[in-house]
Amino acid sequence: MSNEATAQPVCAVRARVDACTLVCREHVAIECVVDAFPPSAPGQFLQLLCRDSEAAVSALVEWSDECRPTLSDKDLRASAPFLRRPFSIADQWSTPGGDVHVRVLSRAVGPGTRWLARLRAGDTLDITGPLGRGFRIPTDDAPLFLLGGGVGIPPLLYLARRLHELGRRNVLVCFGARTRDLLPLRLVQEPACDATPTRCVELPAGAPYSAIVAGDDGSVGWRGSVVDALRAWHARHGRGDHPAVVFACGPEAMLKAVARTTRALGLSCQLCIERQMGCGLGTCLSCVVRVRDAVQPTGWRWALACQDGPVFDRDDLLDYAAVPGA
Amino acid sequence: MTSAPDISAAADDPRLVTDLAGLRLRNPVLTASGTGGYGPEYAGVLDYRRLGGFTTKSVTREERPGNEPQRIVEVRAGLLNAIGLANVGLTRFLREKLPFIQTMPTTVLVNVAGHRLEDYVAVAAALDEHACIAAIELNVSCPNVADGLMFGTDPALLQKVVAATRHVLKRAQLVVKLSPNVTDIAVFARAALDGGAQILSLINTYVGLSIDAQTWKPRLANVTGGLSGPAIKPLALYNVHRVYQTVARAAGVPIIGMGGIQTTADAVEFFLAGASAVAVGTALFIDPTIPVKIAAGLADYLTAHNLPHISALTGQLRLP
C-alpha cells in the first residue's frame, strides 16, 4: 500500500472563495483559493470556520466615532457555530502560478452549513488543514471500487482524481443518495437502472471512470442502496482472480452495511468515517472510535478519527462489522 | 478595527516578561490544560518560541482510557466536554511524552490529577525530578470523573493535598487550579494558599448538562460535562476578581486567569480583574495560534496606553 506522507497542516488560513454553487437541492460546492496550502491526500479533511472569523482572531476592536459597529437583526438572532466543522476535501489542485484550489461540498443542515451556503465569490473562508489520514491506495493492480453515499461522496471524487493521475485503469465508482435531487453530482448522461456501469458522472480532472448511480427511491439509476448495487455488480462481475478493494464513505448505517457486505464477499475495505470533532488536531480527544489492539487486555483501544482516521481499515474498526469467529 | 498584530514584535518583549512567584514566562499568555495535548499535537502550527507557557493535558498515576463517546457537545457560545481525564498515565508520560517536552522552547507546566492524595504526591514527586517541567498544576477540580471534584470542593481536603504535594516538590513551582463549582471560591483559594500553593489558576470548567429534546436523553454519554468557552467568560472574570480582592492580592500570590479568552481584549479584562497571566483553552481548538496573537496584541495595547509593563494592568479594575 502506498501511504502518502502527510504534510504539517496550516491553521486558520484565509482562503478566497472563488465560487459557491448549488450542485443539487441542499448541497453547495465551495471552491476557494489559497496562496499556499500543503499537499493533501484523498480522505483527508479541512476544518472550516462557519462564521466570520474577525472576532475570533482580531487583537482588539477599536471603535472609532466615524465607524461605530452596528448589529443588524440578523447578527442579533444568529447562533454562530463556535467550533470549526470538518469537511472532506472534494478536490484540490494547483495552478501554474502556485495558487492552490480546494473544493468542498456542504449540505445545508444547520446554522454553520447555511452560512457556508451563503458564501459568494470574493468572500473569505477561514480554513485549517489538511488533516487526518487519507485512503491507502494499494500498489498492486487490484480493481478499486469507490462507494459513496450522499454527504460521503466528496472524498471519493478526490480519490477518483488521484487514481486517474496515478494512471489506474481498473476503477469503478458507485454513488447513491436517498433521491435524485439529493445527489451532489453532475450527471452527463442518464445512469443505467440495472447497475451497469456507464460514463454518467462528471469526475474531477476528467477521470474516465464508469459509474453506477443508485437512488433509494428509484428516482435515479439503480433502485436501492449503494450496498445493493455493489452486491449486484459483484454477483455479475466481481468473481475475477483479483478481488476488489472497496473505498467507502457515507452515513454510519451505510458504512456498517458496507463493512458487513465486503467482509461476506471477501473484499478488503477502507471506511472513511465521520465524527463530531472539537479541534481536528488530536488534542481535544473527543472524536474517539474503538479500534482493535491485541496488546490491550480488552483487545481494543480508543483511536482518534481526526488523527488515526478518518479513513480506517474495516478490520481495525470494532463497531462496524462482527469479528470473524468472535 | 485594528489589523492583525505583528507576531514577531511580541517575542521576548521585556514589557511582557512575567515572573509568577519565581515561574518565569516569556509573556503572560499560556495554553490551558487539556486543550493542547502534550505538545507534539500543535508542533509546527503553534510557535512555542513565542508562547508564554504550555500546560499539558492532565497526567494521572495510572493510564486512563477516558469516557465513552459522545464526549463533547457544542452549546451556545461554548463547549461542554466530558473526556474523562483520558491520558497515558505517569509511566508512559515519562517515557513517551517527556522527550518532546524537553525540546519545547517555552515554560512547561504539567497538570496532575488523581483520585487519592497518594496519587497526587507520587506523580508530582516523579515529575519534580525533571528540570524541563517548571511547574506542577494540581487539577483538583475535574468535573468529569466520579470523584474528581472531591478535593476541589472540600477546603480541608484541598489544603491537605496541596500541602502534601508541596512537601515533595524540591524544584518545581506549585500551581493549584480552582473549581468554580463551589459556593465561595475565596474559601478554596485560602485553603490552597494555606497548603502552600505558590500560584493559583482559575477557573476550571462549570458543570453543565445538555439535553436532546427529541430523544429526551443527555447529549453526553457521561450525562454532565464541563462548560468552557466564551459562555463562561463573565463568570470566570468574577471568580478572578473575587479571589484577587479577598485573598491573592493581600497574600501576594499571582493568579493565572482563564475562562473563555479568545482575544486580546478578553485577556486585558482578566488582567484588570486581578490576573498576572492568562491561559487560552477552548479557543485553541479554533486556532492554536491565538495565544501568540494575544501576546502580540498585548504588546500593542501597552504601547497604545503608554504602559511600562503588563503587570501595570493587574488588579487595576476601577471600582465605583
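In this short talk I will go through a sheet, two domains, a pocket and some unusual backbone spots in the structure above. Please keep in mind throughout that this is a predicted model.

Let me begin with chain A, where 7 strands form an open sheet, and if we walk across it the order is S4-S3-S7-S1-S2-S6-S5, with antiparallel pairing. The edges are taken by strand S4, residues 85-88, and strand S5, residues 91-94, and because each of these has a single partner strand, one side of each is left without a neighbour in the sheet. Neighbouring strands here are not lined up exactly, since on average they are turned by 35° against each other when direction is ignored. On this sheet packs helix H4 of chain A, residues 154-165, which touches S4, S5 and strand S6 (100-107), and the direction of the helix makes about 40° with that of S5(A).

Now we can look at some of the pairings inside the sheet, one at a time. Strand S3 of chain A, residues 45-49, runs antiparallel to strand S7 of chain A, residues 124-131, and 4 bridges join them; if you would like a place to look, Leu49(A) stands opposite Asp126(A) in S7(A). On to strand S1, residues 10-24 of chain A, which pairs with S7(A) over 5 bridges, again in the antiparallel sense, and here Val10(A) has Gly129(A) as its bridge partner in S7(A). S1(A) also pairs with strand S2 of chain A, residues 27-34, over 7 antiparallel bridges, and Thr21(A) finds its bridge partner in Ala29(A) of S2(A). These two strands, S1(A) and S2(A), make a hairpin with 2 residues between them, and in that turn Glu26(A) has a positive phi of about 80°.

That brings me to the backbone. Most residues other than glycine have a negative phi, and most peptide bonds are trans. Which other residue of chain A shows a positive phi although it is a residue other than glycine? One such residue is Ala205(A), with phi near 55°, and Ala205(A) sits in the loop between strand S9 (171-177) and strand S10 (210-215) of chain A. In chain B we meet cis peptide bonds: one joins Pro69(B) and Gln70(B), with omega about 5°, and Gln70(B) belongs to the loop between strand S4 (53-55) and S5 of chain B. Another cis peptide bond joins Leu202(B) and Ile203(B), where omega is about 15°, and Ile203(B) is in the loop between strand S10 (199-202) and strand S11 (206-209) of chain B.

Let us step back to the domains of chain A. The assignment gives domain 1 as 3-54 + 79-131 and domain 2 as 144-274 + 310-320, and their C-alpha centres lie 23 Å apart. Across the boundary, 19 residues of domain 1 are in contact with 19 residues of domain 2.

Where does the second largest pocket lie with respect to these domains? Both domains of chain A give residues to its lining, so the pocket lies between them. Its volume is about 1,400 Å³, and of the 47 residues that line it, the closest to its centre include Arg85(A), Pro86(A) and Glu274(A). At least two lining residues come from each of S4, S6, helix H3 (111-117) and helix H6 (252-265) of chain A, and likewise from strand S5 (72-75) of chain B. Sorted by class, the lining has 26 nonpolar, 12 polar and 9 charged residues.

Key: Residues numbered from 1 in each chain as written. Chains lettered and ligands numbered in written order. Predicted model: local features only at pLDDT ≥ 70, side-chain atom pairs only at ≥ 80, totals over all residues. Heavy atoms only, no water. Pairing = 2+ DSSP bridges. Helix = DSSP H or I, 4+ residues; strand = E, 2+ residues; numbered from the N terminus. Axes fitted to C-alpha atoms, helices over the stretch in contact; angles between N-to-C directions. Contact = heavy atoms within 4.5 Å. 1 Å grid on protein atoms, 1.4 Å probe; cavity = no way out; pocket = protein on both sides within 12 Å on 5 of 7 lines; lining within 4 Å. Points joined across faces, edges and corners; volume = space filled by probe spheres on them. Nonpolar A, V, L, I, M, F, W, Y, C, P; charged D, E, K, R; others polar. Domains from an automatic or database assignment.
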